[in-house]
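Here is a friendly walk through one protein model, written for someone who likes to check geometry by eye. Have the viewer open and follow along.

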Amino acid sequence: MIIIMLFYIGGDASNRYTRDLEHIFLALTKRYGYKKENIFVHFIGCEQFFNVDLDGDDESDFDFLTSEEEIERTFLNLAGLENTVPSIPKLKHKDQLFIYSTGHGGVDESTWNSYLKKIYFEDYTFYMSEIYDYTFAQYLENINCSNITMVMNECYSGGFINDIIDVSNALCKNRIINTACKIDEKSWEEYWITIRKYDEFVFYWTDAVRGIYPDPVEYHAWFELTTTGTFPFNNYFPSSVIHPDDYDPDLDNDGFIQLGEAFHYANDFDSRSQYGFFCPPNPNNAHWENPQDSINISFREDLLTLAGFAGEVENTQTIANRSYLLGGELKIKTGVTLTVSDSAAFYLGNENAVIRVDSGATLILGDHVSIYGDSINKILVYGEIQFGDYDSLKRLSDTTYFDGLYLMNSIAQTSINKAYFEYARLHHYGDSLVIDSTEFKDCYSIDSYEGDVTVTYSNFDDTRLYLEIDGTSTDKEAIIRYNDFETLWDTINAVDLNKYDNYYIEHNEVEGYENGIQVYNAGGGSAGKQKIVENDISSCDNNGIMVYGSTARIEKNIVGSCECGVSLNNESSTDLKGDNTADTTIETQYIHDNNSYEIYVAQYSFPRRFVYNAIIDEDNGGSPNDPLLYFNTKSETPNTIEYNCWGENFNYQDDFYPNVTGVFDYEPTWCPSGSKKKSTVKSIFNEALALFEAGNYTQAKDKFIQIIDEYPATLSAQEALKELYRIEKFTSNNYSMLKQFYNNSAIQEDSILQYVGDFFANKCDVKLENWQLAIDWYENHIQYPNSFEDSIFAIIDLGYLYMLMENGGEKSISGSMQEHIPYSEFQFFAKRDYLLSLLPGDLQSNKPLLDNLYGLQAGELLQNRPNPFSLESTIYFKLVKPAAVTVKVFNNMGIIKYQFTNSYMPEGTHGIIINANDFASGVYNYTLEINGKKADVKRMVVVK
């Protein structure tokens, strides 16, 4: 925001005018925080006669002379018509212009045009001329800012009102002007309180906006006496005069002093005003001084402050297509509708600027409405907001994000169509959100934490879409279709879906990101409503598609050039299926040319249907580091992967891990135009899923139980156990009985079914809020896992369990591994994503280290190998010259669990072996100190 102050001075009143100027200068800099470099003072120019230190810091606050040439030059620079003064910028829509003038004024009685007496001192000579009201208005015509506020103290200054308020030819139409008197009146000094040290109208006006009365005995305005509202008037009047008590000028109690409130306060206490007349006039001269105000802004209420618009909107209204600078909280009160006309703009100009829509209130945006803000600014909607077409949210500065729009009404249904978000955030907590044909550019994250969400035909540029059910809501639906996601960032996921029962992620294009599509603990709804279909995903730093603890139908996607194509984890139930009628690979599900694995499957997460996929990487490195299919299992139970296309160079030994005979039934293979092989158990399973999808829940449940009873040694039986948990809420909703079923002898006799049943029996404990049992189960699997990944999954799930408990108000129960209690949701998700990025951990020790060691920089730690580890791991670092070295390992509580110290180590590359016997399972930080200074930090994971 830019503030300009003009100062015209002359005669024996110069000291009074200077104190007026000090008072307003301190209000701007001390109360409102305006920078001095944005305040331009035109002064008489004879510093040897007059003080120009306006705030008591012994530094001059004088900028320019009051000659007509310099005044005109200032306004030309503010309008951008000249660039002759580098310190004066061209004003923009986000700026406001405040003009305060004091000194002498006059009126031409033949034309009734008022003027300012312009006095300046140059070359040891005083000059005087006039600036008329119409000339001053011409100065302002080409300035294009949000609003212009003028406060004038001169005699006859009321004659300026009509010219200043006439905006027919002006770029800035939001204007307000306060004058000390009418066109045919003089303005007068304050007589009773300060004994003529200040001019009366501006003294009280500034007391209101500054919130401070200066000490009337002192010579300068920076000596403060008391806060406005508590001034002891009766101490300054003869005993025969009864003066009303002081009052708080904030009449509407909204926390802001609007300029209208300041005007009424000054008018009340001006002894010469016939409006207030609280003080007796100066007995030496009883002429009237009637302050004048005029306002031309679009709001019906007077909401303008010295920092911009702020306060409570109390009446339903439509505001014109102008620019509005907000200087505080603009609150739309319950029952009020504020409609913003097409092409209007809001600028949230400081740290206090907020738009708040109260419960029961409505903000309606026309088309092409723009709202600008920074990381400290918000639009808080507890009522309703209605978007037009092509509305936009953008940041004001060049270094941060606009914290943006918060949709807080839990029952609101919000639609956003053809909008544009740039460096601006969106946070949704409502019942439903529909986004269509909208562009998100450099927004980092668009977040929804509740409700049904539909996002279609939108572009996400360097932006992720994060959807989470942050409560106990069920059967919520996410529809994400026909969107484009593109970024070079490797720290965010394009689509990050959490805990949705039903979802459709279809026909999207994704390029870049850490994971293209990540689905976490989702899919608990009815069968057939969990789809990841026909997405084109490429160049992800980690996984193209990552499914964790979820149900998903993954069909006809194209995934290539990622680190891993598809990753299935933690008891996920998935279909991995292409199209048996396809003529080419891109018409079926095509997973190809990824850097490590085309498909990674954790134990107990093998797809229940794995058919008609083209899984091809002709130059892959082979098993065990780079196969087409990596199944992290110790079991040799056959897994059916018949009727898939593996490429021209397919070799069982190279392309599958494990490559032990009997783990995979992969023949006959299929490439486009193959035929389907039928299986009895699969037919029953498909029939059960069809019944589930059709809503015949009891019949579907019976079919799943039949599969477990009759075909216990099949993948379909494992999947049936998972489906029983999912279908339970649609049938008897009795998780105690379901837990007993999982623990029955038939399931416990089969080692694989026993593990899956045990996993879902624990999920029943979580549903039943048997917190201690669930904590003990996870801690046991962290300490005694079947595999590295089991321990990592248990660490993640234990942290998530603690968040569930805290959300439910339960904080008193905990286990022995308290390092896994997350201290924030952000920390939990960061830790989760880090742990998942380590999979598969148990093969890392087999990867060559030579290239990494060769590229190691001085003072840099290489990631410990292997990581995670259960026995021992090695930490590598490099020295360019001999040094004292300390390596420390910390747990999540910051406690040192291991320390290696050597007062002298030669130059070169070194490795320190860490033994897991010294650590409990968990995540640890380790640091390298060289000659007592920290050089690098990394993380390691211990799993036992």
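How many aromatic pairs does the count come to? The model is a predicted one, and in it the count comes to 78 aromatic pairs.

## Aromatic pairs

A pair of aromatic rings is described by the distance of the centres and the angle of the planes. Take Phe460 and Phe485 as one example: this pair is stacked, with 4.5 Å centre to centre and 15° between the planes. The two residues are 25 residues apart and so link distant parts of the chain, because Phe460 belongs to strand β32 (residues 459-468) and Phe485 to strand β34 (residues 484-486). Both Phe460 and Phe485 are buried.

Tyr800 and Phe828 give a second example, this time tilted, with 6.3 Å between the centres and 35° between the planes. That angle is neither under 30 degrees, as stacked requires, nor over 60, as edge-to-face requires, so the pair counts as tilted. Tyr800 sits in helix α15 (residues 788-807) and Phe828 in helix α16 (residues 825-837), and the pair links distant parts of the chain, 28 residues apart. Tyr800 has a relative accessible area of 13%, so Tyr800 is buried; Phe828 has 4% and is therefore buried.

## A cluster, and charges over rings

Some rings group together. One aromatic cluster is formed by Tyr198, Phe203, Tyr204, Tyr213, Phe231, Phe233, Tyr236, Tyr247, Tyr265 and Phe269.

Which ring does the charged end of Arg395 sit over? The ring is that of Tyr423, and the charged end of Arg395 is 3.4 Å from the ring centre. In another case, the charged end of Arg832 sits over the ring of Tyr520, 4.5 Å from the centre of that ring.

## Two open parallel sheets

An open sheet of 9 strands follows the order β26-β29-β31-β33-β36-β39-β42-β45-β48, and the pairing is parallel. The edges are taken by β26 (413-417) and β48 (609-611); each has a single partner strand, so one side of each is left without a neighbour in the sheet. On average, neighbouring strands of this sheet are turned by 10° against each other, direction ignored. Within the sheet, 3 bridges join β39 (residues 530-533) to β42 (residues 551-555), and these two strands run parallel. Val533 stands opposite Glu555 in β42.

Another open sheet is formed by 4 strands in the order β15-β17-β20-β23, again with parallel pairing. Here β15 (317-319) and β23 (384-386) stand at the edges, and because each has a single partner strand, one side of each lacks a neighbour in the sheet. The twist from one strand to the next averages 15°. Strand β17 (residues 337-340) is joined to β20 (residues 362-365) by 4 bridges, and the two run parallel. Leu338 stands opposite Leu363 in β20.

## The largest pocket

Rolling a probe the size of a water molecule over the atoms shows where empty space is left. The largest pocket has a volume of about 1200 Å³. Its lining is made of 40 residues, and those nearest its centre are Tyr725, Val766, Lys767, Tyr800 and Leu804.

Which elements give two or more residues to the lining of the largest pocket? They are α10 (715-727), α13 (751-767), α14 (771-783) and α15. Of the lining, the largest share is from α15, which gives 6 residues. Tyr800, met above in the tilted pair with Phe828, is found in α15.

## Backbone points to check

Most residues other than glycine have a negative phi, and most peptide bonds are trans. A cis peptide bond joins Tyr657 and Pro658, with omega about -5°, and Pro658 is placed in the loop between β52 and β53. Val660 lies in that loop between β52 (656-657) and β53 (664-665); its relative accessible area is 36%, so Val660 is partly exposed. The C-alpha atoms of Val660 and Glu636 are separated by 7.7 Å, although the two are 24 residues apart along the chain. A cis bond also joins Glu667 and Pro668, with omega about 5°, and Pro668 is in the loop between β53 and α8 (680-694).

His368 has a positive phi of about 60° although it is not a glycine. His368 is in the loop between β20 and β21 (370-373), and is partly exposed, with a relative accessible area of 44%. Asp475 also has a positive phi, near 55°. Asp475 is in the loop between β32 and β33 (477-481) and, at a relative accessible area of 37%, is partly exposed.

Note on methods: Residues numbered from 1 in each chain as written. Predicted model: local features only at pLDDT ≥ 70, side-chain atom pairs only at ≥ 80, totals over all residues. Heavy atoms only, no water. Pairing = 2+ DSSP bridges. Axes fitted to C-alpha atoms, helices over the stretch in contact; angles between N-to-C directions. Phe/Tyr/Trp six-rings, centres within 6.5 Å; stacked < 30°, edge-to-face > 60°. Buried < 20%, exposed > 50% of the residue type's maximum accessible area, 1.4 Å probe, protein only. Lys NZ or Arg CZ within 6 Å of the ring centre and 35° of its normal. 1 Å grid on protein atoms, 1.4 Å probe; cavity = no way out; pocket = protein on both sides within 12 Å on 5 of 7 lines; lining within 4 Å. Points joined across faces, edges and corners; volume = space filled by probe spheres on them.
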